[in-house]
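Trainee: Please take a close look at one part of this model and describe what surrounds it. Then relate that part to the rest of the chain, and say how far the model can be read.

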Amino acid sequence: MLDQQMDLRAFLLILFLSPLLLGYNGVEGASWELLEREDMELENQLKLLNKPAVKTIDTEYGDTYDCVDFYKQPAFDHPLLKNHSFHFQMKPTLSLERNKDHVSSGVRESAHIELKGGGCPVGTVPIRRITKEDLIRERNASKLMSFADNTIGAHYAVARTRPGRNKFNGAGARLSVQNPRVSARQYSASRFLLRNGNDAIQAGWRVDPTLYGDTRTRLFIRLDAGQSHCFNTRCPGFVQVRSDIPLDLVYTQVSIRGGVTYEAPLFIDRDLVNGNWWLLVGERNTEVGFWPRRIFSGLADLASYAEWGGEVFYPPGNTPIPEMGSGFPLVGNTKYDAFLRNVEVVDAAGKNINVYNLETFVDDTRKYGVFDIEQTKIGHLVLYGGPPYSF
């Protein structure tokens, strides 16, 4: 019996050492060179993404935010923004009405994580530090998916504007904050977007283990313009101005189906004077930052298309499929269904209006659904969700 154990150990040792021994024949050595080259690429990418910090802030959720000098943030790596200066204390002329009296729905605004010590020092902005693990996770996921719209495996349940001569200076809504169940290599999001040509900007919340390494509900933005295609500050373009509100903040309070409902007011609004597109967050329309007009081609003018609703991704054959919103069945009640309410656009004249005559779109009606209700006591309402309990 002892001899058999010794033989087994010897076999396992040879099995373990074989790849190392084969490394000398040049084939395995090439693999090691490939790994080293990939590691160097990751290190170089980290140097580009992570800027020198004036101060660092660690959160209770394991995130580290670097307080980066305003003009050293990733936005200014954009070739059209290099050597371009902005006044840090900005007072934009926005079309959005301040402290607009929204109809109350009885729901509560979701709180978000507060950066310790009141946020970053004046003249700096919080940028979430990217780790090598983040990049490896995204690189592995990219073999199955891209972060672009219309990826195979992405599914939508939305209300959207119809083709026509649309001219929008902005759009927004109050999004119910959910924490849908997803697994690795899946995501689930609630968002709205504006588009003109190949340019698009969007805002909302998402649960995305690939992007964030966890399943918490977080604020996000996305940019598609020219060579910039990314979330938050992963690529140049979005200029952050707030020192206390990070783009990928965690919503610490989420809705419970049939229980307390929390919502997040979000708006994207175009400055009528200089054409920059601003991200506004919360009841007071707090200005978090902006996409400069100069980085766009299509959105250098007004938007021609707007969309509100839910989005999920899962690789073909991947189960169980992710929840969208609070799941099915849709019952037409904000106490149970995920929603976007006070669905609005800013028209060409700069006036906030309810947007009428939207069309609904669901690419897989067996799994997901959406309702568009233009007139309710709590404003224009878009309800969405899935999948049915049978899945």
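**The β9-β10 hairpin and its surroundings**

Mentor: Strands β9 and β10 pair in the antiparallel sense, with 4 bridges between them. The model is a predicted one, and that applies to everything below. The two strands make a hairpin with 2 residues between them. Gly226 sits in the turn and has a positive phi of about 60°. One of the bridges can be named: Ala225 has Ser228 in β10 as its bridge partner.

Take β9 by itself next. This strand covers residues 218-225, and 8 of its 8 residues are buried, so β9 is largely enclosed by the rest of the structure. The side chains divide into two sets by direction. Arg218, Phe220, Arg222 and Asp224 point one way, while Leu219, Ile221, Leu223 and Ala225 point the other way. Both sets are buried. The set with Arg218 and Asp224 is therefore no exception to the burial of the strand, since 8 of the 8 residues of β9 are buried.

β9 has another partner as well. Strand β8, residues 199-207, pairs with β9 over 7 bridges, again in the antiparallel sense. Within that pairing, Gly204 has Phe220 of β9 as its bridge partner.

The loop that comes after β10 is worth following. It runs between β10 (228-231) and β11 (239-240), and Asn232 lies in it. Asn232 has a relative accessibility of 7%, so it counts as buried, the cut-off being under 20%. Its side chain makes a polar contact of 3.0 Å with the side chain of Tyr212. Beyond four places in sequence, Asn232 is in contact with Leu219, Phe220 and Ile221, and also with Tyr212, Phe238, Leu247 and Asp248. Three of these names recur from the account of β9: Phe220 points one way from the strand, Leu219 and Ile221 the other.

This region also holds a disulfide, which joins Cys230 to Cys235 with an S to S distance of 2.0 Å. The torsion about its S-S bond is -75°, and the link is left-handed. Cys230, at 8% relative accessibility, counts as buried. Cys235 counts as buried too, at 12% relative accessibility.

The structure holds 2 disulfides. Counting bonded cysteines along the chain, the pattern is 1-2, 3-4. The other link joins Cys67 to Cys120, with 2.1 Å from S to S. It connects distant parts of the chain: Cys67 is in strand β2 (residues 64-69), Cys120 is in the loop between β3 (108-109) and β4 (124-128), and the two are 53 residues apart. Its S-S torsion is about -80°, so this disulfide is left-handed. Cys67 and Cys120 are both buried.

Cys67 leads on to a sheet. Three strands form an open sheet in the order β1-β2-β4, with antiparallel pairing. β1 and β4 are the edge strands, each pairing on one side only. On average, neighbouring strands of this sheet are turned by 30° against each other, direction ignored. β2 is joined to β1 (residues 53-58) by 5 bridges and to β4 by 5 bridges. Asp66 of β2 stands opposite Thr56, and Asp66 also stands opposite Ile127 in β4. Asp58 has Thr64 of β2 as its bridge partner. β1 and β2 form a hairpin with 5 residues between them, and Gly62 in the turn has a positive phi of about 90°. In β2, 5 of the 6 residues are buried, so this strand is largely enclosed by the rest of the structure.

One further residue can be placed briefly. Trp278 belongs to strand β13 (residues 277-281) and is buried, with a relative accessible area of 2%. Trp278 and Trp291 are 13 residues apart in sequence, with their C-alpha atoms 6.4 Å apart.

Lastly, confidence. The mean pLDDT of the chain is 84, and 81% of the residues score at least 70. Residues 1-29 stay under 50, and the model has 4 contacts for them beyond four places in sequence. Residues 88-104 are also below 50, but that stretch has 50 contacts in the model beyond near neighbours in sequence.

Methods:
Residues are numbered from 1 along each chain as its sequence is written. This is a predicted model: local features need pLDDT of at least 70, side-chain atom pairs count only at pLDDT 80 or more; totals for chains, interfaces and linings use all residues. Side-chain values use heavy atoms; hydrogens and water are left out. Buried means under 20% relative accessible area, exposed over 50%, partly exposed in between (1.4 Å probe, protein chains only). A disulfide is a pair of cysteine sulfur atoms within 2.5 Å. A polar contact is a pair of N or O atoms within 3.5 Å; within protein, one must be able to donate a hydrogen and the other to accept it, and residues adjacent in sequence count only if both atoms are side-chain atoms. Contact means heavy atoms within 4.5 Å. Two strands pair if DSSP finds at least two bridges between them. Axes are lines fitted to C-alpha atoms, for helices over the stretch in contact, and angles run from 0 to 180 degrees between N-to-C directions. pLDDT is the predictor's confidence in each residue, from 0 to 100.
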